[in-house]
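The following exercises concern the arrangement of strands and helices. Please study the sequence and the model before reading each solution.

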Amino acid sequence: MNTQNKPKLKVAIYWGAACGGCCVSVLDVHEKVLDIVKAVDFVFWPIALDIKYKDVDAMPDKSIDVCLYNGAIRNSENEHIAKVLRKKSKVLVAYGSCAHLGGIPGLANLTTKEEIFRRAYEESESTVNPDKIRPTTETKMPEGTLTLPHMYNDVKTLAQTVQVDYFIPGCPPQTERLVEVLMLIIEGKPLPPAGSVVGALEKTLCDTCPRTKSDKKLVKEFKRPWQVLDDGITCLLEQGIICMGPSTRGGCGARCISGNYPCRGCYGPPTDSPDPGAAMMSAIGSMMDVEKDEDIKKIVEQVVDPAGTFYRFSVPGSILRRALK
Amino acid sequence: MSNFEPTIVAFLCNWCSYTGADLAGTSRLKYRPNVRVIRIMCSGRIEPAFVLKAFQEGADGVIICGCHPGDCHYHSGNYKALRRYYLMKEYLKQMGIEEDRFKLDWVSASEGHRFAELVNEVTGKVAALGPCKISSNIARFT
C-alpha cells in the first residue's frame, strides 16, 4: 500500500458510558496496527494517549477525519464530548453496542437514577452509609469548587444525542471488520451511504451459524444454559436454550456460538427489523410447541426476565426506549 | 380524568374477528367509538413490533383478536398470536405498561356482540387508567 505521500488520516477514539472493551478491541488488530499507524494519526484516544479535553477544544472544526465514539450517553460529560467530537469530526462512527443501541449501560433504562442511587449508596449488602450520604456533583474545597459530571435518569444512544454517520455494532465489534472499514477510508474507496450499519451483515446470525438446524424448530421448554448438556452440534434454540440468533445481525463470526454459548444479541437487529426484542418474541412465539393456555403460561414463565434477555444490549435503541417509572 | 377518551388500536384477523366486528356494525350494536380497527390476514401475522409501534404512536390500549382456538383459517396462526401475547405481556409489565392496556381475545365471525362487549370492556378499563405515558416518554429520546 502506497501511503507515503498522502497526508495521514486523523482518527479520534473516545469512550462514553462504556467498559473500555471497545477501546481495547481496536488494539486487537495486532500487527495490522503497524499498517494502520503508517496511514493514521491518533489525535485523541484517552485509553492510550495523554491528550486533554482542552487540546480537543483547540482543534479546528472538521479537522478529525474519523471519530470512533464508543459507549452510551449516560452523563453530562458523555453528552458534552459527543457534541464536541461531532463538531470536530468529518465522520462520526457509533462504535460498539453501547453507542449503537445503548448496550449494557442501557439496561439502566429498566429502572431509574433514584433507584440505582438508593441501591448503590444505601441498600447494597456491602454498603455502610448510616447518614445516607449521596455523591454530589460539586464539592467546595479551600482551593476552589470541584465538580463532577452529573448522571442522567435516561441512558441514550449516540444517535439520539448527535447526528451519526455510521454504526459499527458489537460488544465489542469484530476487530477485523474495523480494519476493513478503516482500510476503505484510507484507500479512498467509495463509502456506504450515511446512516448505514457497517462492518456487519444484512442477515441474521442464524444465517451464518455453524450449528445444525432442523426445518421445524420446536421447543417444549426453555432452560438455562447450565441445565443442558449441550451436544455441541444442534441449534441451541432447539435444545431449549434462548439464543438471540434469529433476531440478531450476523457479522460477529458466531464467536459466542463457537464457544458453545448462546447469542445474546450484541450486534443488534438485522436491517429490516425495527426492534430486536420484538423480532425475538415473534421468533420464539413460533417455536413454542404448546397450545393450551396453561402450558403457554408455563413455558413463558421459563423465560426469565424477558426485557433483559431480549433487549440486553438495546433498551435505549428499542421502540419503547425505557420503562415507565 | 372522567372525560378522557382513550385511543384503542385493535388488530383483527380477516377471517373471523374482522367479520365479527362487521357483524356488530350491520347488527347496529352500539359500542364505544374509541377503537381504531386494523385488519390483518391472520392474528399470527401480528408482529410484536406492531403492538409496540401502536403504543409508541400514542395508543392508550391495544386489542388483538383472532379466530377461536382450532378455527384458524391458516391452521395455527392464532396459537402463535397467543404465545406472542403472553411473552409480550411479561415484557410490557417490565416496561411499566399496565396489564389492562393490552388484551387478546377470540371473536368469531358470528360474535358481533362479543366484539362490542370486548371494545366496551377494554375502553372502560383504559379510560379508568388514563392516558398511556409511554409515547411522551419515548419522545424524550429524539
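**Exercise 1.** Which residue in S4(B) is the bridge partner of B:Val62?

*Solution.* The model under study is predicted. Begin with the pair of strands: strand S3 (residues 61-66) of chain B and S4(B) run parallel and are joined by five bridges. Within this pairing, B:Val62 has B:Phe102 as its bridge partner in S4(B).

**Exercise 2.** Determine the order of the strands in the open sheet of chain B, and state which helices pack on it.

*Solution.* Four strands make up the open sheet, in the order S2-S1-S3-S4 (chain B), with parallel pairing. Strand S2 (35-40) and strand S4 (102-106) of chain B are the edge strands, each pairing on one side only. On average, neighbouring strands are turned by 20 degrees against each other, direction ignored. Helix H1 (residues 17-26) of chain B packs on the sheet, where it touches strand S1 (8-13), S2 and S3 of chain B. Helix H4 (residues 112-129) of chain B lies across S1, S2, S3 and S4 of chain B, at about 160 degrees to S3(B).

**Exercise 3.** Explain why H9(A) and H3(B) are classed as oblique to each other.

*Solution.* First, take the angle: the axes of helix H9 (residues 276-287) of chain A and helix H3 (residues 77-94) of chain B cross at roughly 140 degrees and come within 8 Å. Next, apply the cut-off: only angles over 145 degrees count as roughly antiparallel. The two helices, H9(A) and H3(B), are therefore oblique. Their crossing is right-handed. The residues of this contact comprise four nonpolar, four polar and three charged.

Methods: Residues numbered from 1 in each chain as written. Chains lettered and ligands numbered in written order. Predicted model: local features only at pLDDT ≥ 70, side-chain atom pairs only at ≥ 80, totals over all residues. Axes fitted to C-alpha atoms, helices over the stretch in contact; angles between N-to-C directions. Parallel < 35°, antiparallel > 145°, perpendicular 65-115°, else oblique. Left-handed = near helix turned anticlockwise from the far one by under 90°. Nonpolar A, V, L, I, M, F, W, Y, C, P; charged D, E, K, R; others polar. Pairing = 2+ DSSP bridges. Contact = placed C-beta atoms within 7 Å.
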